[in-house]
Amino acid sequence: MYRYDEHDQRMLDERVRQYRGQTERFLRGELSEAEFRALRLRNGLYVQRLAPMLRIAIPYGMLASRQLRQLAHIARHFDKGYAHFTTRQNVQFNWPRLEEVPDILAELASVQMHSIQTSGNCIRNTTADQFSGVAPDEVEDARPYCELIRQWSTFHPEFNYLPRKFKIAVCGSVADRAVVRVHDIGLVIVRDAGGATGFEVIVGGGLGRTPMIGTTIREFLPAPELLGYLEAILRVYNQFGRRDHLFKSRIKILVKALGADEFRARVEREWETTRRTVPPLTAAQIERARSYFTAPPYEDIDAAACAGALAAARATSRAFDRWLQRNVGAHRVPGYAIVTLSLKRTGIAPGDVTDRQLELVADLADAYSFGEVRVTHEQNLVLADVPQPRLFELWEAVRAAGLATPNIGMLTDIICCPGGDLCSLANAKSIPVAEAIQRRFDDLDYLHDLGDIDLNISGCMNACGHHHVAQIGILGVDKKGEEFYQISLGGNQGTDAALGTILGPSFAQEDMPEVIGRILDLYVAERHGDESFLETYRRIGIEPFRKAVYGASH
Amino acid sequence: MALLIRHGDIVADDWVRLDAEFDTAAPLPPGKLLVPLCLWNARRAELVARDQPVGIWLASSEHPEAIVDALEDIALVAIDFPVFSDGRGYSYARVLRDTWGFAGELRAIGDVQRDQIFLMKRCGFDSFQIRADRDPTDALAGLEEFSLVYQSATVDPLPPLLQREVRRGA
Ligand code: SF4
């Protein structure tokens with residue numbers, strides 16, 4: 001993964017020093033609340049319902065074991081022993097003291113981590129496919145480009161006070177695991193007829209109050225032109241994006257208002273300037289970025305022999321078999337596997353880990369996966385390079401740590417925002433709803449029979465829980481001061497991304513497991529053969545689900 | 001005279017700024033005049049004919065496209081930041097410098113403070129009217145906050161780190 005040289009480190013140290021000065025000026029009364037707010041937000045510090053919250057960037061989801069250990073240390077000393085992984089591959093601490101944040105940032109800087117631009121109206125952490133570099137269906141590794149985007153966007157002088165926050169996602173494979181179509185900019189790595197690398201450029205996707213699937217404004221942008229083109233898009237947005245209304249200030253609203261053609265024309269006009277002022281990436285620069293993401297020293301493993309051994313182990317342990325089915329995926333190198341550690345155990349808030357679990361995962365990464373871990377936008381962790389002959393012993397270790405729930409991609413692998421328990425913007429709690437659903441549907445045979453279903457929960461319109469792109473989306477709403485939940489069906493992430501359709505009137509919290517049960521029952525009754533929930537939904541539409549939930553009279 | 005940061009020094013502002021409410025029919029005061037766009041549009045010929053330099057200041061809602069044909073006649077463009085969080089002016093500056101090649105003085109006015117001027121400078125601003133209730137001497141330190149940059153901009157203190165091609169310390 002990327003390692004800082006002395007220049008990266010110096011910039012980061014200067015940033016910590018700058019923020020320490022800003023905090024001191026604020027505490028001395030030399031900066032107003034509003035002025036300090038903008039500065040602390042650019043350093044990831046929110047003031048939440050109960051206490052401040054510090055969000056730390058995990059660039060495109062990559063973590064080294066020593067960074068995990070440092071996060072564990074921070075969780076123990078500055079938080080209450082927990083860390084929370086978010087849907088943007090970041091990590092959050094919920095109880096830091098404002099005066100201590102400069103110290104936390106200094107601790108993070110010592111392991112090349114930071115909280116730069118994790119909030120505020122600027123370019124946020126770039127996200128990527130969590131299986132970059134190891135996926136069998138990969139066109140090209142997204143991470144070198146993500147790193148170039150990270151450097152370009154870090155302290156970009158022009159784009160620090162945008163109309164609103166700005167999120168970029170990059171995917172390098174055929175299947176889209178980075179939800180690129182619901183980002184402000186989504187980039188998909190493609191090859192042209194001559195085999196040159198480039199990007200499909202998608203703009204104006206987004207969730208939140210006005211969910212939209214993005215529009216492709218360029219089918220093929222040659223890779224060397226990437227940063228100049230991004231700069232042109234951002235310059236159009238920064239000049240012409242709305243600033244008069246919080247809910248209308250994302251780029252998707254501008255793209256919609258201008259129309260894709262006019263938006264593209266403006267970008268191309270700015271690009272005439274930016275392709276001059278932003279030097280195209282040279283082959284040597286791209287090579288430099290790539291050199292940080294070369295393959296680890298894989299061993300030669302006899303794939304056929306391990307397939308036999310695994311089959312034998314599966315036959316003796318049903319639990320191991322289930323885990324292999326759901327949590328272990330194919331790797332592009334024969335004899336290796338991609339292992340997802342589930343942070344979705346019933347009773348634990350989705351995405352939460354303890355300091356001890358973090359340390360254990362760091363040890364496992366060192367022992368089984370070349371010392372690296374990835375964070376997924378589904379709020380799980382990944383060991384990307386596990387030798388298949390060691391899967392069984394790894395499983396035993398992960399199981400003991402409570403991280404082997406065999407539910408990846410299933411109903412109980414719920415994406416869930418912090419909601420009303422922690423977030424000051426929430427309309428409703430989300431964590432207890434996730435837990436109630438996990439408790440009700442705890443029968444593994446039933447869950448495996450249901451197969452792939454995304455169920456996502458957001459505590460308000462801001463949609464941090466990505467509820468629009470789940471097959472079953474749950475949104476917390478406020479009805480005369482009471483917490484209610486609205487359900488939408490048929491959303492999907494991926495190449496054929498779709499937004500869910502609202503089912504009907506919302507429900508009280510205690511009714512949610514029952515309502516979900518009716519939806520699932522209908523699916524099971526209606527499905528043809530091994531049709532997935534989404535396939536059945538797309539075939540029969542929403543009406544039968546409405547009848548099943550609200551009765552024939554609705 | 002108000003103080004100003006110009007080219008990294010604190011100097012007295014030798015320009016007279018007319019505000020947007022200045023009566024477009026009133027006689028022009030003497031001295032270097034920094035005028036609002038409406039006054040420029042109303043009395044361009046007269047302003048150019050004076051023997052003193054003239055400049056135009058733009059509100060954040062006034063796109064510099066409106067003065068692209070004036071750039072040869074003026075010595076100063078000032079861009080107002082009504083609040084620091086309204087960042088349109090950063091792009092306006094870059095369009096003025098990079099697209100249209102404006103080489104005169106480019107000044108940030110309004111809610112301009114220590115924590116923004118490093119960024120503003122890189123977008124091509126070369127003078128800063130620090131908000132009246134803040135000490136420009138203290139703000140000056142803001143220009144030195146970082147010794148390195150990642151990306152190219154209008155003004156690069158050093159070669160941007162993005163252009164590194166060789167791995168060091170790897
Ligand atoms: S979706 Fe709403 S409640 Fe949930 S974390 Fe985001 S802002 Fe908070």
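Select A:Ala330 and A:Ala337: in this predicted model, A:Ala337 of β12(A) is the bridge partner of A:Ala330. Extend the selection to the whole of β12 (residues 336-341) of chain A, and three bridges to β11(A) come into view, with the two strands running antiparallel.

Now show the rest of the sheet. Its five strands, all in chain A, follow the order β3-β14-β15-β12-β11, and the sheet is open with antiparallel pairing. At its edges are β3 (62-64) and β11 (328-330) of chain A, each of which pairs on one side only. From one strand to the next, the twist averages 35 degrees.

Stay at β3(A) and add residues 65-78 of chain A, which make up helix α3. This helix lies across β3 and β14 (372-375) of chain A, and the angle it makes with β3(A) is about 85 degrees.

Two loops of chain A come next. Go to the one between β4 (82-85) and β5 (91-93), where A:Gln89 is found. The phi of A:Gln89 is near 60 degrees, a positive value in a residue other than glycine. Is A:Gln89 buried or exposed? Its relative accessibility is 1%, so A:Gln89 counts as buried.

Then move to the loop between β7 (168-171) and β8 (185-191) of chain A and pick A:Val179. Although A:Val179 is not a glycine, its phi is positive, at about 50 degrees. A:Val179 also counts as buried, because its relative accessibility is 3%.

Select the ligand next, together with the residues that surround it: A:Cys417, A:Pro418, A:Gly419, A:Cys423, A:Leu425, A:Ala426, A:Gly459, A:Cys460, A:Asn462, A:Ala463 and A:Cys464. How many residues of each class does the shell around the ligand have? Eight are nonpolar and three polar, and no charged residues occur in the shell.

The last stop concerns the cysteines. Over all chains, a search of the whole structure finds zero disulfides. Take A:Cys416, which is in no disulfide: the nearest cysteine sulfur belongs to A:Cys417 and is 5.6 Å away, whereas a disulfide needs the two sulfur atoms within 2.5 Å. With a relative accessibility of 1%, A:Cys416 counts as buried.

Finish in chain B at B:Cys123. Why does its sulfur form no bond with the closest cysteine sulfur? That closest sulfur is in A:Cys122, and the two are 14 Å apart, so the distance is too far for a bond. B:Cys123 is buried, with a relative accessible area of 0%.

Notes. Residues are numbered from 1 along each chain as its sequence is written. Chains are lettered from A and ligands numbered from 1 in the order in which they are written. This is a predicted model: local features need pLDDT of at least 70, side-chain atom pairs count only at pLDDT 80 or more; totals for chains, interfaces and linings use all residues. Side-chain values use heavy atoms; hydrogens and water are left out. A residue is near a molecule or strand if one of its heavy atoms lies within 4 Å of it. Ala, Val, Leu, Ile, Met, Phe, Trp, Tyr, Cys and Pro count as nonpolar, Asp, Glu, Lys and Arg as charged, and the others, Gly among them, as polar. Buried means under 20% relative accessible area, exposed over 50%, partly exposed in between (1.4 Å probe, protein chains only). Two strands pair if DSSP finds at least two bridges between them. Helices (H or I, at least four residues) and strands (E, at least two) are DSSP runs, numbered from the N terminus. Axes are lines fitted to C-alpha atoms, for helices over the stretch in contact, and angles run from 0 to 180 degrees between N-to-C directions. Contact means heavy atoms within 4.5 Å.
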